[in-house]
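Reader: Please take me through one part of this structure in detail. I would like to start from the disulfide and work outward to the strands around it. Keep it brisk.

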Amino acid sequence: QVHVVESGGGSVQPGGSLRLSCAASGTFSDINFMGWYRQAPGKQRELVATISSAGNTNYADSVKGRAAISRDNAKNTVSLQMNSLKPEDTAAYYCNAEVMISSILGYKNYWGQGTQVTVSS
């Protein structure tokens, strides 16, 4: 059983900052990619940022220069610092972890329950 739990989020004014955190726990061998996705009402879920176990990062064009993803492999945690927030950043943010269950079962994706970020004046 693998659990992915987000924390952080909330309401912030345009131009403000937020930090989202996520922790994966349970029985697994390794975590490959961890990342953040978001989904606004009426829209599809989209990638925000991902980070590999080696620390290689990937960002959506919409957040480049405003977001920083980081990871602690020892603690199985990932964080997303977002600055200069805009109203269009308003969405439910979901943490994703690509977890290796075992060498036989391979990798499986797990999602958190989501945390709401609202950017409004």
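Author: What follows begins with the disulfide, moves to the strands that carry it, and ends with the loops and the whole chain.

The model is predicted. It holds one disulfide. The partners are Cys22 and Cys95, with their sulfur atoms 2.0 Å apart. This pair links distant parts of the chain. Cys22 sits in strand β3, and Cys95 sits in strand β9, which covers residues 91-102. The two cysteines are 73 residues apart. A disulfide is a covalent bond between the sulfur atoms of two cysteines.

Which hand does the bridge have? The torsion about the S-S bond of Cys22 and Cys95 is about -80°, so the disulfide is left-handed. Are the two cysteines buried or exposed? Both Cys22 and Cys95 are buried. The cut-off for that word is under 20% relative accessible area.

Now take the Cys22 side. Strand β3 runs over residues 18-26 and pairs with β1. The sense is antiparallel, and the pairing spans six bridges. Two partners fix the register. Val5 has Ala23 of β3 as its bridge partner. Val4 stands opposite Ala24 in β3. Strands of a sheet pair through backbone hydrogen bonds, either parallel or antiparallel.

Strand β1 itself covers residues 2-7 and has two faces. Val2, Val4 and Glu6 make up the covered face. His3, Val5 and Ser7 make up the uncovered one. Put the two kinds of detail together: Val4 is on the covered face and stands opposite Ala24. Val5 is on the uncovered face, with Ala23 as its bridge partner.

Where do β1 and β3 belong in a wider sheet? Four strands form an open sheet in the order β1-β3-β8-β7, with antiparallel pairing. The edge strands are β1 and β7, the latter at 67-72, and each pairs on one side only. Neighbouring strands of this sheet are turned by 15° against each other on average, direction ignored.

Turn to the Cys95 side. Strand β9 pairs with β11 in the antiparallel sense, over three bridges. Here Tyr93 has Thr115 of β11 as its bridge partner. Strand β11 covers residues 115-119, and its side chains alternate. Thr115, Val117 and Val119 point to one face and are buried. Gln116 and Thr118 point to the other face and are not buried. So what else pairs with β11? Strand β2, at residues 10-12, pairs with β11 in the parallel sense over three bridges. In that pairing, Val12 stands opposite Val119.

Next, the loop between β1 and β2. Gly8 lies there. Its relative accessible area is 43%, so Gly8 is partly exposed. Which residues does Gly8 touch, leaving aside its neighbours within four places in sequence? They are Arg19, Leu20 and Thr115. Thr115 is one of the buried residues of β11, and Arg19 and Leu20 fall within the range of β3, residues 18-26. Gly8 and Gly55 are 47 residues apart along the chain, and their C-alpha atoms are separated by 22 Å.

Two other loops carry a backbone detail. Most residues other than glycine have a negative phi. Asn76 is not a glycine, yet its phi is positive, about 55°. Asn76 is in the loop between β7 and β8, the latter at 77-82. Its relative accessibility is 22%, so Asn76 counts as partly exposed. Ser84 also has a positive phi, about 50°, although it is not a glycine. Its place is in the loop between β8 and β9. At 41% relative accessibility, Ser84 counts as partly exposed.

Last, the setting. The protein chain has zero helices and eleven strands. Of its 121 residues, 41% count as buried. Along its principal axes, the C-alpha trace spans about 50 × 25 × 20 Å. A compact globule of 121 residues would have a radius of gyration near 14 Å, and the chain has 14 Å, which agrees. Among contacts between residues at least 6 apart in sequence, 55% join residues at least 24 apart. The chain exposes about 6,400 Å², and carbon and sulfur atoms supply 47% of it.

Terms used
Residues numbered from 1 in each chain as written. Predicted model: local features only at pLDDT ≥ 70, side-chain atom pairs only at ≥ 80, totals over all residues. Heavy atoms only, no water. Buried < 20%, exposed > 50% of the residue type's maximum accessible area, 1.4 Å probe, protein only. Pairing = 2+ DSSP bridges. Disulfide = S-S within 2.5 Å. Axes fitted to C-alpha atoms, helices over the stretch in contact; angles between N-to-C directions. Rg over C-alpha atoms; globule rule 2.2 N^0.38 Å. Contact = heavy atoms within 4.5 Å. Areas by Shrake-Rupley, 256 points an atom, 1.4 Å probe, with all protein chains shown as cover.
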